[in-house]
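Here's a quick briefing on the structure below. Have a look at it first, then go through the notes by topic.

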Amino acid sequence: MNYSLSYIILVASSLVIASAQIGINFDEKSQKFLNRFVWLSFLCFFGLRGFIGWDWYNYYPLFERIKPITQTGLEIKSAFDIGFVIYVSIVKTLSKDYHFFIFISSLIDFILLHYFLNKYIPKYLYVFAFVVFITMEGVIMEINLMRNIKALLLFLLSLQYIEKRNFFKFVLLNLLGLTFHWSSVIFFPLYFFLNKKIDLRIFIAVFIVGNIVYLTKLHYIKPFVTYVAHFIGETATEKTDAYLNSSLFNTQYEISIGYIERIFTAGLIMLNYNQLIEKSKSNILFINSFILFFIFYFYFSEVNIIVSRIGNLFIFSYWILWPSLIDTYNHATKYILFAIFGLYMSLKIQKATNNILFRYDNVLYEHSQPYNERVKIFEKNARKIQRQK
């Protein structure tokens, strides 16, 4: 059964609108209408979703347990970060309906994303950029990583203050993000170098060495960690061995479609390096972010947890660079590049959502599945699906 059909229809229909925006010179009023229509469509799709994905299994009990903030004696006793707990409590003050909480969460995410995309890409590429967001990890972030995406979007808002060299506002936004998720710690050092133009020759060197490390399956992290543990003691060595043999380090090296895409994207960026920066100096931020993404995926591919948890923090570079790359080419090449990106995104959304946990459900459906039914499906299938990944 194709559980990803609803997601594919959403992406495909949006790509049709995006292709029209690229090929037809719409006036400003029409562009805004199309952009708002797609934005609203995504909001309804994700904001009104039922119990799909993974993290509702934890978030629903949390929401039920937390008291409205207007009640005295609010207890912050949770494994979740304090900012998120307070946020849940505030929303619960407005409504005790979990689905209202989900809608408000998606509304906030898409408002922040709208502001971000409007700032860095042309209006005629807005719909395309939104689809890039959804397919390049956005669907997972929006459904499964409700805390992470808030922290990431706050960082994206703070990028303007790296350019303006306003350290106070940059730190303030990311401290707020830190109250939602620990990953914001990674963003603080970026203030000092993310806006610095890197010599193209350095990028090429990083690209070549990264491919050598990946393709030769060079192992250097495991031996180093084992060597250090040996000096600490036998207990540390035993624990380290168990950790290194876990799925966290169990990465498969292969020339996959994802590998080819990353090589293709890196090549396009290098070929259009100067043009991208001439069009917008802000693209320096996203080129550098892509280089960091590339480094984590190719230099740390030995360690699966680093790739998935830290590398993907820089996936946002795609959300700007793919539209920017299309904007650098003439009309014919735009469509070729659009077709290549569109095909890849369709494959990616299908792979990400084609399991029973992502079977789409909307709270407006007459026969939408209640929490107890989805729990049974989750508990029956979650472990099996996790082992297959």
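**Overall picture**

What you've got here is a predicted model, and its secondary structure is easy to sum up: 18 helices and zero strands. Of the 389 residues in the protein, 52% are buried.

**Contacts and surface**

- If you take the contacts between residues at least 6 apart in sequence, 76% of them join residues at least 24 apart.
- The protein's accessible surface adds up to about 19000 Å², and carbon and sulfur atoms account for 63% of that.

**Glu142 in helix H6**

- Glu142 sits in helix H6, which covers residues 126–144.
- Is Glu142 buried or exposed? Its relative accessible area is 1%, so Glu142 counts as buried, the cut-off being under 20%.
- Setting aside neighbours within four places in sequence, Glu142 is in contact with Phe46, Arg49, Ser105, Ser106, Asp109, Phe110 and Ile149.
- Take Ser106 from that list: Glu142 and Ser106 are 36 residues apart in sequence, yet their C-alpha atoms are 7.2 Å apart in space.

**His181 in a loop**

- His181 is found in the loop that runs between helix H8 (167–178) and helix H9 (200–215).
- Loop or not, His181 is buried, because its relative accessibility of 6% falls under the 20% cut-off.
- Which residues does His181 touch, leaving aside those within four places in sequence? The contacts are Asp81, Arg147, Asn148 and Ala151.

**A nonpolar patch of isoleucines**

- Ile69, Ile82, Ile86 and Ile90 together make a nonpolar surface patch of about 310 Å².
- One of these, Ile82, belongs to helix H4 (residues 82–94).
- Ile82 has a relative accessibility of 46%, so it counts as partly exposed, a class that lies between 20% and 50%.

**The second largest pocket**

- The second largest pocket holds about 150 Å³ of space.
- Which helices each supply at least two residues of its lining? Helix H12 (257–271) and helix H17 (331–353) do.
- The lining of this pocket is made up of Ile257, Ile260, Glu261, Phe264, Thr265, Trp322, Ile340, Phe341, Leu343, Tyr344 and Leu347.

Definitions and conventions
Residues are numbered from 1 along each chain as its sequence is written. This is a predicted model: local features need pLDDT of at least 70, side-chain atom pairs count only at pLDDT 80 or more; totals for chains, interfaces and linings use all residues. Side-chain values use heavy atoms; hydrogens and water are left out. Helices (H or I, at least four residues) and strands (E, at least two) are DSSP runs, numbered from the N terminus. Buried means under 20% relative accessible area, exposed over 50%, partly exposed in between (1.4 Å probe, protein chains only). Contact means heavy atoms within 4.5 Å. Accessible areas come from the Shrake-Rupley method with a 1.4 Å probe; for residues, only the protein chains shown count as cover. Patches are made of residues with over 30% relative accessible area and no salt bridge: like charges are joined within 9 Å, nonpolar side chains (Val, Leu, Ile, Met, Phe, Trp, Tyr) within 5 Å. A salt bridge is a side-chain nitrogen of Lys or Arg within 4 Å of a carboxyl oxygen of Asp or Glu. On a 1 Å grid over the protein atoms alone, a cavity is a set of points where a 1.4 Å probe fits but cannot get out, and a pocket is an open set with protein on both sides within 12 Å along at least five of seven lines; lining residues have an atom within 4 Å of a point. Grid points are joined across faces, edges and corners, and a volume is the space filled by probe spheres set on the points.
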